[in-house]
Amino acid sequence: MPRVIEVIDKSRGCLNECVDALSVAGFDPADEESLHNAACHLRRLGNNPDFLADLLVDELKASLEADSAPPSYGPQVIMLSPPGHGDFFLRANIWPSPDEHMMRASGSDSFVYGLPHDHNFHFLTLGYFGPGYWSDYYEFDYESVAGWSGEPVDLRFIERARLEPGKIMLYRAHRDVHRQLPADSLSVSINVMHASGAQAWLDQYAFDVDRSTVTQILNHGSAEALIRIAVGLGGAEAIDLAHRFGTTHPSDRMRLHAWSGLASVAPDVTARDEVWRAAGVCGSRLVAEEAGR
C-alpha cells in the first residue's frame, strides 16, 4: 500500500512558500532527502486551515472582475501550481460523500470511485479537510504486465484504510493500486505530484480486482490520436509511418494505435484481418494479444 510518511511539524506555511521551496529543491520521490523535504512543506501547508478557502475566494473575485471562470479549476481538481514548470506541481482534490448533491447528480464514476487503478507517477497526498476518502489497497508487479485487456495479474490485497486528516502518504508509481471509496462526508486532499518527460509513455492500468485482470490502459497521449487521424485522412506517407510505428516504436501502446489506425481504413474484412495478422507478429505482446482478439 502507499507508504505513510511521518512528519512532526506544527508550523503553518502558505502556498507560495511551499511552491517556492519545491521550485528550488525539486521533488524526487526516489531520493529520501528530497522526499522528506517535500513532505515537510506539504505538512506545513496542511497545517494552514485557511489557505485553500482564501485562494478560492480570491479566484472567484478575480473571475467576476474578468467576466470569465478561472481556467485551471474543475469540478473536482483545483490546480495550486501550474504543471510544466519543473518536476512537480500541486493540486487539491475534492471528495464528495454519497449524501452530496454533486454525487447524486453525477454518479460515483465522475469522481473515480470504485475504479481500481495504479498510477504512472509518484505523488504525495495529505488529508486536508474532512474525514478523508477510503481505499482498498493492492500491490502488483508492473514489470510482469503487458497491459492487454483481460490479462491475468497478481493483485495482492493489503488493507482498507482512510486518508485521515493530517495523514501523508506516498503513492508509488506502478506498484500501488487502489480502489477509492466515497468519504463519509465532504473531504479535500492536497497532492504534490511528480512530473517527468517520460510520464506520458508509461502505462497506467485499470483492474478487475475480483478476477485479478487488467481491464484497460487508462492513459492515452495526443500522439496516439494523431497517428490514427493521419491514417484516416489518407496518404501514402501516413500509411508508411503507421507501419513503421507499428513495428518499431518503443511504446507498445503507440504500436497498438498505429495498427488500429491501419485496420480502420482497410477496405474490407479480409484486408482488416490481414492487418491484424501482421500486427500479431510485430514483436509486442500487448499488440499480439489485442490482435488475436
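D240 and R244 sit four residues apart in helix α6 (residues 236–248), so about one helical turn separates them. Their side chains meet in a salt bridge, with 3.2 Å from N to O; the term stands for a side-chain nitrogen of Lys or Arg within 4 Å of a carboxyl oxygen of Asp or Glu. Side chains of opposite charge can pair when their charged atoms come close. D240 counts as partly exposed because its relative accessibility is 41%, and R244 counts as partly exposed at 45%. The classes are cut by relative accessible area: buried is under 20%, exposed is over 50%, and partly exposed is in between (1.4 Å probe, protein chains only).

This is a predicted model, in which local features need pLDDT of at least 70 and side-chain atom pairs count only at pLDDT 80 or more, while totals for chains, interfaces and linings use all residues. Residues are numbered from 1 along each chain as its sequence is written, and side-chain values use heavy atoms, with hydrogens and water left out.

The chain has nine helices and eleven strands; both are DSSP runs numbered from the N terminus, helices being H or I with at least four residues and strands E with at least two. Its C-alpha trace spans about 65 × 45 × 40 Å along the principal axes. Of the 293 residues in the chain, 46% are buried.

The structure holds 16 salt bridges. One of them joins E32 to R3, with the closest N and O atoms 2.9 Å apart. This pair links distant parts of the chain, as E32 belongs to helix α2 (residues 32–46) and R3 to strand β1 (residues 3–4), 29 residues apart. E32 is partly exposed at 46% relative accessibility, and R3 is partly exposed at 34%.

A salt bridge also forms between R172 and E139, whose closest N and O atoms are 3.1 Å apart. Here 33 residues separate the partners: R172 is in the loop between β7 (168–171) and β8 (176–181), and E139 is in strand β5 (residues 134–139). R172 counts as buried because its relative accessibility is 16%, and E139 is buried at 13%. Both belong to a network of salt bridges that links E139, R172, R175 and D176.

Helix α2, which holds E32, has 15 residues that should span 21 Å at 1.5 Å a residue, and its end C-alpha atoms are 21 Å apart, which agrees. The expected span is 1.5 Å times one less than the number of residues. At the N-terminal end, D31 caps α2 through a side-chain oxygen 3.2 Å from the backbone nitrogen of E33. This fits the polar contact limit of N or O atoms within 3.5 Å; within protein, one atom must be able to donate a hydrogen and the other to accept it, and residues adjacent in sequence count only if both atoms are side-chain atoms. The buried residues of α2 include L35, A38, C40 and L42.

The last feature is the largest pocket. Its lining consists of 22 residues, and R91, V112, H117, H119 and F121 lie nearest its centre. A pocket is defined on a 1 Å grid over the protein atoms alone, as an open set of points where a 1.4 Å probe fits, with protein on both sides within 12 Å along at least five of seven lines; lining residues have an atom within 4 Å of a point. β3 (88–95), β4 (123–129), β8 and β9 (187–194) each supply at least two residues of the lining.
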